[in-house]
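Q: I am new to protein models and would like to take a close look at one small part of this one. Could you help me find it and then show me what else there is to see?

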Amino acid sequence: MRAAVQSMKPYVPGKPLEEVQRELGLTDLVKLNQNENPLGPSPRALAAARAALMQVHTYPEGTARRLRERLGQLWDLPADWFLVGNGSDEVFRLLAEVYLEPGDPIVVPAPSFSAYRFVGELMGARVVTVPLAGWSMDLPAMAEAAAAHGAKLLFLCRPNNPTGTVFPEHALRAVMERIPTSTLVVLDEAYREFDGTPFDSRSLLLDYPNLVIARTFSKIYGMAGFRLGYGIMRPEVLAPLLRARDPFSVNGLAVAAGLAALGDTEHVERTLALTREGKAYLYAAFDRLGLPYVPSEANFVLFDVGRPAAEVFDRLLSRGVLVRPCGSFGLPHHLRVTVGTAEANARFVAALEAVLGGE
Ligand SMILES: Cc1ncc(COP(=O)(O)O)c(C=O)c1O
């Protein structure tokens, strides 16, 4: 085993449905732990994947050319600015594999999505962690750390997981001027579609050649199981990633589904409306229960149970409600709940009330 792998803490994902059902013998489970789309996949995506099944004996076109071309039209950028990956996770991993030598510094925010640290550690990088300021990303401190350490990569998450917070475009512009051009800034926008605040990712890409943006089909399009995401960056940043990638990492079913999902505005609109209404309902419940929460621009809400949350998590689970404990994010008194259907949200609130009331 390489020394870097030996010292890594394994990634602990939210529990999949099957595992929880098997462990607890529960069949009627409300799953609000992985920020999945409660409406399920886009129906158009499903139909396209079904049709594509007939071609499953053939290898996929490795670079997902049709999807890159469609994304290029939607973003008004050349198709060779897009790298389609097996989830955005693959994009993060490739960036680390291609750009990091052992000991190279990278800058990550905390608490935030653990994949950034994970891919850095995998390559034996030196991970410099910059704590959030309040619940927001401390962009000036991150820029300072990147300059002081000569970071190769700097990861940003907007809206941030697990806080759901965002920063304004002008704040990023201000620090991009101070981050060395030799630092690749990776802006993870997995939850961007849920965010109603103005932020022009495209103009940032055009203005800053060292910026990479990552998007996913896992959240708004309800396609987490397909594993489809993409990175947008200059061709000179992207080309080395093509050398290192697994040529068939993205399967043809996912690409067909992704193309169809991009055209399914009705599914997107329904998802956004459900999320908006669900968040208002959850905020009202947290207010009523006197639980502090972080207003979110994403499809989940971080809240404080005012006591060790692992215990509350276990008791919610025994009532068939699965949320995300945040101890691994360094927030032992917090839980993160995905905004579900109206019915799922109501079951979560009823279970939470019962658990906090000592039932
Ligand atoms: C911030 C963030 N980025 C990326 C991902 C993963 O995306 P993908 O499924 O495309 O690998 C997640 C999933 O939870 C996430 O929270």
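In which loop is Pro162 placed, and between which strand and which helix does that loop run?

A: Pro162 sits in the loop between strand E5 (153–157) and helix H8 (169–176). Those labels are DSSP runs numbered from the N terminus, with at least four residues (H or I) for a helix and at least two (E) for a strand. Before we look closer, please note that this is a predicted model, where local features need pLDDT of at least 70, side-chain atom pairs count only at pLDDT 80 or more, and totals for chains, interfaces and linings use all residues. Residues are numbered from 1 along each chain as its sequence is written, and side-chain values use heavy atoms, with hydrogens and water left out.

Now step to the bond just before Pro162. Asn161 and Pro162 are joined by a cis peptide bond, with omega about 20°. Most peptide bonds are trans, and most residues other than glycine have a negative phi. A cis bond also links Ala110 to Pro111, and there omega is about 0°. Pro111 belongs to the loop between E3 and H6.

Ser112 is in the loop between strand E3 (105–110) and helix H6 (115–122) as well. Ser112 counts as buried because its relative accessibility is 7%; buried means under 20% relative accessible area, exposed means over 50%, and partly exposed is in between, using a 1.4 Å probe and protein chains only. The side chains of Ser112 and Asn160 form a polar contact of 2.7 Å. Such a contact is a pair of N or O atoms within 3.5 Å; within protein, one must be able to donate a hydrogen and the other to accept it, and residues adjacent in sequence count only if both atoms are side-chain atoms.

If you follow the chain into helix H6, you meet Arg117. Arg117 is partly exposed, since its relative accessible area is 31%. From the C-alpha atom of Arg117 to that of Ala350 is 36 Å, and the two residues are 233 apart along the chain. For another pair, try Leu204 in helix H9 (residues 201–207). With 0% relative accessibility, Leu204 counts as buried. The C-alpha atoms of Leu204 and Glu169 are separated by 8.4 Å, with their positions 35 residues apart along the chain.

Next, look for backbone angles. Asn35 is not a glycine, yet its phi is positive, at about 55°. You can find Asn35 in the loop between strand E1 (30–31) and helix H3 (43–52). Asn35 is buried, because its relative accessible area is 1%. Asp76, also not a glycine, has a positive phi of about 55° too. Asp76 is placed in the loop between helix H4 (65–75) and strand E2 (82–85), and at 52% relative accessibility Asp76 counts as exposed.

Let us turn to the ligand. It is surrounded by 14 residues, and the closest are Ser88, Asp188, Tyr191, Thr216 and Ser218; a residue is near if one of its heavy atoms lies within 4 Å. This shell divides into five nonpolar, five polar and four charged residues (Ala, Val, Leu, Ile, Met, Phe, Trp, Tyr, Cys and Pro count as nonpolar, Asp, Glu, Lys and Arg as charged, and the others, Gly among them, as polar). Three side chains each place a polar atom by a ligand oxygen atom: Ser218 at 2.6 Å, Lys219 at 2.9 Å and Arg227 at 2.8 Å. Taken alone, the ligand exposes 400 Å², and the protein buries 92% of that (areas come from the Shrake-Rupley method with a 1.4 Å probe; for residues, only the protein chains shown count as cover).

Finally, have a look at the largest nonpolar core. It has 88 residues, and among its members Leu67 and Leu156 touch the most others. A nonpolar core is a set of buried Ala, Val, Leu, Ile, Met, Phe, Trp, Tyr and Cys residues joined through side-chain atoms within 4.5 Å. Helix H11 (residues 252–262) gives the largest share of this core, six residues. At least three core residues come from each of domain 1 (3–31 + 266–356) and domain 2 (43–262), with bounds from an automatic or database domain assignment.
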